[in-house]
Amino acid sequence: MKQSKNQSFQKTVVIDVVGLSSNLVGDYTPFLKNFLAKRNTLLIEPMLPAVTTSAQSTYLTGKWPSEHGIVGNGWYDHEDAEIKFWKQSNHLVTAEKIWEKAKKIDPNFTCSKMFFWYNMYSSADYSVTPRPQYHADGVKAPDCYSYPPELREELQSALGQFPLFHFWGPNANIKSTQWITDATIYVDKKYNPKLTFVYLPHLDYCLQKFGPDVSKIQNELLQLDSVLQKLIEYYESKDTKIILLSEYGITPVHRPIHINRILRENGLISVRNERWYELLDPGASKAFAVSDHQISHIYCNDPSVQKQIIDILKVVPGIKLVLDKKAQKKHHISHKRSGDIVVVADSESWFTYYYWLDDSKAPDYARLVDIHRKPGYDPCEMFMDPKKPGIKLRAGLKLLRKKLGFRYLMDVIPLDASLVKGSHGALHQKREFYPIFSTAKFYPQKEISAIKVYDLIWDQMTSQI
């Protein structure tokens, strides 16, 4: 579609409420329920994979993972022979972003990107993202990264230190979502960008811990509803086009699939012994899996084992799809970063990263919140180990050691995958768990594909209605 150089843009905000699906809107979200009732809400067909970085990249580029390259929250780097998770450079997204298109039409167009992923070294005008400090003595200190750089100090002076340990981990709660909301309003007041993207993570925590059982997450829903009211009423006062959407819905799960253990039992995984524990050695393995919620990328250093792996995994309970490179094309995920085989769980199952066969040989990072060293996503990082008596007191004593300047190891994370009650990423969901897209403008369709989100955002930015 050819755009006029005289195209004018409307002030627009895109609010990404992670994990929001229609089944959660009700008595415990009174503001949101009333807000959506006055608007047009479409369902977004789940994409593959329906995980944060892939979905956001698709929304921002209008391209599938096979084109923008974000095939998951993590993948295997063949050159480094390393598994990489939660990288932050925007250069990884190899497609034009929506604000870049707008800037070609209007060089004065500005965009704010608040906690959307791949937010470092972005072409957005204003951005803020989590970025801990990693000290030489092993301490991880809460912090964030911003562009322009001085914005980081300005925000933390005005709002307090970014609450990193409330953004992820056992203490994740509404504080991080509240801070992001306040920071978004601060940035909007100061810079008045034409387009803002804001990521609100709060539902992600409780839904993975408890599943989409409203009776168990009433307080979390009420808290989010209050924060949303503040953010939405602010943007309404600024006569802003408001788009409310989500990346995925979360379904109840009860079956963890230890896919790397299956590969190891079949002689395909290599480990390296260090101290008392085992480390996965991906470069030396014939094959291994990079697990990411309900999807797992399997990389084969030895191509001759691919058929063997496909035959093994096709009969594993809980696995719905086993896709070779050819089959991946149908689902728009085939890319040099995707696995030689991509495995998708059914709606009630998910994949762990566990590769050890004996918990006494689990690596030291397994019991920590350590999103970068783990060779896969670990939702157990949201729990404190219930099998250890006095675990909260123990954690408190470790925090005291930290404050006194002593070394400490916050090894409180359980190795019990059965604790996890909600997951996402697969295609096989009931519509009540579909992500949503809501605007004030009417669209005749009831469902849209993930790449159409880009088109509708553009339509809102350029529409006078």
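This passage describes a sheet, several helices, one strand residue and a set of salt bridges in a predicted model.

We may begin with the sheet. Four strands make up an open sheet with antiparallel pairing, arranged in the order β16-β17-β19-β18. Its edges are formed by β16 (287–292) and β18 (319–324), each of which pairs on one side only. From one strand to the next, the twist averages 20°. Strand β18 runs antiparallel to β19 (residues 341–345), and 5 bridges join the two. Within β19, I341 is the bridge partner of D324.

Turning to the helices, α7 (residues 202–210) and α8 (residues 218–237) have axes that come within 10 Å and cross at roughly 170°; the two are therefore roughly antiparallel to each other. On the α7 side the contact involves H202, L203 and C206, which meet E220, L221, Q223 and L224 of α8. The residues of this contact comprise 4 nonpolar, 2 polar and 1 charged.

Strand β10 (residues 195–200) holds L200, which counts as buried because its relative accessibility is 0%. Beyond its neighbours within four places in sequence, L200 is in contact with I15, D16, V17, V18, T177, I180, T181, L228 and L231. By contrast, 39 Å separates the C-alpha atoms of L200 and E274, which lie 74 residues apart along the chain.

E274 leads on to the salt bridges, of which the whole structure contains 22. This residue forms one with R272, with the closest N and O atoms 3.0 Å apart. E274 is partly exposed at 28% relative accessibility, and R272 is partly exposed with a relative accessible area of 36%.

Another salt bridge brings together the side chains of D125 and K103 (2.8 Å, N to O). Here distant parts of the chain are linked: D125 sits in the loop between β5 (111–114) and β6 (126–130), while K103 belongs to helix α4 (residues 98–105), 22 residues apart. With 20% as the boundary between buried and partly exposed, D125 counts as buried at 19% relative accessibility, whereas K103, at 21%, is partly exposed.

Helix α13 (residues 452–462) is mostly covered, with 8 of its 11 residues buried; among them are Y454, I457, W458 and M461. The same helix carries a salt bridge between the side chains of K452 and D455 (3.5 Å, N to O). Because these residues are 3 apart in α13, about one helical turn separates K452 and D455. K452 is partly exposed at 41% relative accessibility, as is D455 with a relative accessible area of 35%. Elsewhere, D77, D80 and K84 are joined into one network by salt bridges that share partners.

Methods: Residues are numbered from 1 along each chain as its sequence is written. This is a predicted model: local features need pLDDT of at least 70, side-chain atom pairs count only at pLDDT 80 or more; totals for chains, interfaces and linings use all residues. Side-chain values use heavy atoms; hydrogens and water are left out. Two strands pair if DSSP finds at least two bridges between them. Axes are lines fitted to C-alpha atoms, for helices over the stretch in contact, and angles run from 0 to 180 degrees between N-to-C directions. Buried means under 20% relative accessible area, exposed over 50%, partly exposed in between (1.4 Å probe, protein chains only). Angles under 35 degrees count as roughly parallel, over 145 as roughly antiparallel, 65 to 115 as roughly perpendicular and the rest as oblique. Contact means heavy atoms within 4.5 Å. Ala, Val, Leu, Ile, Met, Phe, Trp, Tyr, Cys and Pro count as nonpolar, Asp, Glu, Lys and Arg as charged, and the others, Gly among them, as polar. A salt bridge is a side-chain nitrogen of Lys or Arg within 4 Å of a carboxyl oxygen of Asp or Glu.
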